[in-house]
Amino acid sequence: MNNHSDLLDFRVIADTRGKLVALEGDKEIPFSIARIFYIYTCAASRGFHAHIQTHQVIICVSGACTIFLDDGKQRWQYRLQQPHQGLVIKSMVWCEMHDFTPDCVLLVLADTPYDESDYLRDYDEFLQLAAQKNER
Ligand code: TYD
């Protein structure tokens, strides 16, 4: 496990009707939630960026996909396929999403409103900033 990322295991409330997972900011989710978005019917790889400030939790509520992560020093990956797990993506971690199943739905919780200036979409620029951060 890399210290920039972590898998959260959420409590599942299950009965004969099915399963339910309830999430609150600053409780199960380790930040105050400012934004939610979801992606589905993904036909090609996505992501390919890091965030300067934003922290996120990605939950694969249906299907499966592979998340590649890179903090500028190490690369690691997860196959997300459990609706009761959340993957924490901290700031300054390059993230790519690959190999979606057709039924994959990714729910993303973020601690900031959408702001394009928070994105690093150029990998070399990301590496430069990550190296500066790691020197500090
Ligand atoms: P993008 O970040 O490229 O998607 P991905 O990370 O999945 O590859 O976002 C696609 C488009 O959606 C882009 O025009 C920005 C817009 N967008 C918003 O308007 N608000 C949001 O919260 C997000 C995540 C994206």
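These are my notebook entries on a predicted model with a bound ligand.

**Entry 1: the ligand shell**

I started with the ligand and asked which residues surround it. The list reads R35, F37, R46, G47, H49, Y114, Y119 and R121. By class, I noted three nonpolar, two polar and three charged residues in this shell.

Next I looked up which strands supply the shell. Strands β4 (35-40) and β5 (46-51) each give at least two residues. β5 gives the most, with three residues.

**Entry 2: polar atoms at the ligand**

I then went through side-chain N and O atoms that approach ligand oxygens. For R46, I found an N or O atom of the side chain 2.7 Å from an oxygen atom of the ligand. For R121, the corresponding distance to a ligand oxygen is 3.2 Å. For Y119, a polar side-chain atom sits 3.5 Å from an oxygen atom of the ligand. I also checked how much of the ligand the protein covers. Taken alone, the ligand exposes 530 Å², and the protein buries 61% of that.

**Entry 3: aromatic pairs**

How many aromatic pairs does the model hold? I count five aromatic pairs. One of them joins W94 and F126, with ring centres 5.6 Å apart and 40° between the planes. I logged that pair as tilted, because its angle falls neither under 30 degrees nor over 60.

Where do the two partners sit in the chain? W94 is in strand β10 (residues 94-98), and F126 is in helix α1 (residues 123-135). They are 32 residues apart, so I noted the pair as a link between distant parts of the chain.

Are these two residues buried or exposed? W94 has 6% relative accessibility and counts as buried, because the cut-off is under 20%. F126 is buried too, with a relative accessible area of 0%.

I followed F126 to another partner, Y123. Their ring centres lie 5.9 Å apart and their planes meet at 35°, so this pair is tilted. Both residues belong to helix α1, three residues apart, which is about one turn of the helix. Y123 comes out as partly exposed, at 24% relative accessibility. I recorded W94, Y123 and F126 as one aromatic cluster.

**Entry 4: helix α1**

With two cluster members in α1, I checked the helix itself. It has 13 residues, which should span 18 Å at 1.5 Å a residue. The end C-alpha atoms are 18 Å apart, so the span agrees with the expected value.

I also looked at the start of α1. There, a side-chain oxygen of D122 reaches to within 3.1 Å of the backbone nitrogen of D124.

**Entry 5: two residues in strands**

I looked up T66 next. T66 is in strand β7 (residues 65-70). Its relative accessible area is 6%, so T66 counts as buried. What does its side chain contact? The T66 side chain makes a polar contact with the side chain of R79, at 2.8 Å.

My last lookup was I89, in strand β9 (residues 85-89). I89 has a relative accessible area of 3%, so I marked it as buried. I also took the C-alpha distance from I89 to T41. The two residues are 48 residues apart along the chain, and their C-alpha atoms are separated by 22 Å.

Notes. Residues are numbered from 1 along each chain as its sequence is written. This is a predicted model: local features need pLDDT of at least 70, side-chain atom pairs count only at pLDDT 80 or more; totals for chains, interfaces and linings use all residues. Side-chain values use heavy atoms; hydrogens and water are left out. Rings of Phe, Tyr and Trp (its six-membered ring) pair if their centres lie within 6.5 Å; planes under 30 degrees apart count as stacked, over 60 as edge-to-face and the rest as tilted. Helices (H or I, at least four residues) and strands (E, at least two) are DSSP runs, numbered from the N terminus. Buried means under 20% relative accessible area, exposed over 50%, partly exposed in between (1.4 Å probe, protein chains only). The expected span of a helix is 1.5 Å times one less than its number of residues. A polar contact is a pair of N or O atoms within 3.5 Å; within protein, one must be able to donate a hydrogen and the other to accept it, and residues adjacent in sequence count only if both atoms are side-chain atoms. A residue is near a molecule or strand if one of its heavy atoms lies within 4 Å of it. Accessible areas come from the Shrake-Rupley method with a 1.4 Å probe; for residues, only the protein chains shown count as cover. Ala, Val, Leu, Ile, Met, Phe, Trp, Tyr, Cys and Pro count as nonpolar, Asp, Glu, Lys and Arg as charged, and the others, Gly among them, as polar.
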